[in-house]
Structure formats: C-alpha cells, structure tokens
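Open the structure in your viewer and keep the selection tool at hand. The tour goes from stop to stop.

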Amino acid sequence: MTREILHIVGAGLAGSEAAWQAAQAGVMVQLHEMRPKQRTDAHQTDGCAELVCSNSFRSDDPEHNAVGLLHAEMRRTDSLIMRCADATRVPAGSALAVDREAFSAMVTQALTTHPRITLVRAVVEDVPRRTGAASSLQPAR
Ligand SMILES: Cc1cc2nc3c(=O)[nH]c(=O)nc-3n(C[C@H](O)[C@H](O)[C@H](O)COP(=O)(O)OP(=O)(O)OC[C@H]3O[C@@H](n4cnc5c(N)ncnc54)[C@H](O)[C@@H]3O)c2cc1C
C-alpha cells in the first residue's frame, strides 16, 4: 500500500487496464477522463474502454497466433479488459469479439466501484513537469 496517488489520463483501453492493475496492486488511482465534457471524433459514448471501431480483439488462439498468446498472458495477470471481454463475448469463430456496449459498461462498473480508483470526469490540460508535482495535478475544468 502507498499513499501516493497515481494519475492516469484517459479511460480508454490502456488507461482502464492501467488503473485497474495499479489499484489491484494497492495504489490509489485518479483516472481522468474528459468525456463527456469534451468529446472526440471517434468516441460515441461516455463509457470507459469504449471500442471505437471493430468489436474484435482479433484471434483468441494462444497456440498459433501472437495476439491470442497475449490474451492468454493478460488473463494470467487478472486483466480487467480480458475479464470483461470474456464476460461479454459474442460468437466470432476463433476471434475474441464482444458486445461493445456491455463490455464498456462492465469495465466502467468495475472501475467506478473499485475502492482505490476515483474516476474524474474532466479534461487534463497540462501535466506538471516538476519532480513531485504530479500530486498537484488538477483537472482544468
Ligand atoms: C476510427 C478508428 C478506428 C480504429 N479501429 C481500430 C481497430 O479496428 N482495431 C484496433 O485495434 N484499433 C483501432 N483503432 C485504434 C484504437 O483507438 C485503439 O485500439 C484503442 O482505442 C486505443 O486505446 P487507448 O486507451 O490507447 O486510447 P483511447 O481509446 O483513444 O482512449 C483515450 C482516452 O483518453 C481520453 N482523453 C484524451 N485526452 C484527454 C485529456 N487531455 N484529459 C482527459 N481525458 C483525455 C479520451 O477521451 C479517451 O477516452 C481505431 C481508432 C480509430 C480512431
């Protein structure tokens, strides 16, 4: 456990997984997500880990495909993204495809109910450069 707060900018796939892994490791996390206050050209919702294009995570075959092997490795590290993907999986042959709305809703629920994660709905305009200044990171609006 640490009293330091880890600030993560963006609750996309990467930020959501990073926040989860850090929080599970005992770190207090503030996850800053600008939607819905500021939208992007790609995203349609306010949900965390929104899939902006295909609903496929590509091959889920760990024996013959590098992406499938990465899936298997992520599952072994208690990946939030993989757990939610497995729970919201839809038929797609050997690929791992998900119901994108259910997937995003499940990721969002896991993050917002985690005792060590605070989801801050604000745009981060600047990241402090000084040593130790990250703890003063404040949403711009
Ligand atoms: C049109 C399009 C099609 C794509 N198709 C595919 C595909 O088929 N397969 C594939 O693997 N990838 C595809 N991608 C790439 C896709 O974006 C990535 O796979 C994935 O979404 C990247 O996740 P991420 O977490 O890095 O970024 P994102 O999912 O983009 O997440 C970034 C998050 O940060 C937030 N944010 C950004 N700036 C700030 C700020 N200053 N303050 C607060 N919050 C902020 C955003 O709102 C967003 O929620 C596509 C991208 C686009 C645009």
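The stops below cover the ligand, the paired strands and one helix residue.

This is a predicted model: local features need pLDDT of at least 70, side-chain atom pairs count only at pLDDT 80 or more, and totals for chains, interfaces and linings use all residues. Residue numbers start from 1 along each chain, as its sequence is written.

Select the ligand first. It is surrounded by 19 residues, where a residue counts as near if its C-beta atom, placed from the backbone, lies within 6 Å. The closest are Gly-10, Gly-12, Ala-14, Met-34 and Cys-53. Two elements give two or more residues to this shell, α1 (13-24) and β2 (28-33); helices (H or I, at least four residues) and strands (E, at least two) are DSSP runs numbered from the N terminus. The most comes from α1, with three residues.

Next, select strand β5 (residues 95-98). It pairs with strand β3 (residues 56-59) in the antiparallel sense over two bridges; pairing requires at least two DSSP bridges between the strands. Here Ala-97 of β5 stands opposite Ser-56. Strand β4 (residues 89-90) is also antiparallel to β5 and joined to it by two bridges, with Arg-89 partnered by Val-98. In the hairpin of β4 and β5, four residues lie between the strands, and Gly-93 has a positive phi near 65°.

Finally, select Thr-108 in helix α4 (residues 100-112). Is Thr-108 buried or exposed? Thr-108 counts as buried because it has 21 C-beta neighbours inside 10 Å; the cut-offs are 20 or more other C-beta atoms within 10 Å for buried, 12 or fewer for exposed, and partly exposed in between, with C-beta atoms placed from the backbone. Thr-108 touches Gly-47 and Cys-48, leaving aside residues up to four places away in sequence; contact means C-beta atoms, placed from the backbone, within 7 Å.

Terms used:
Contact = placed C-beta atoms within 7 Å.
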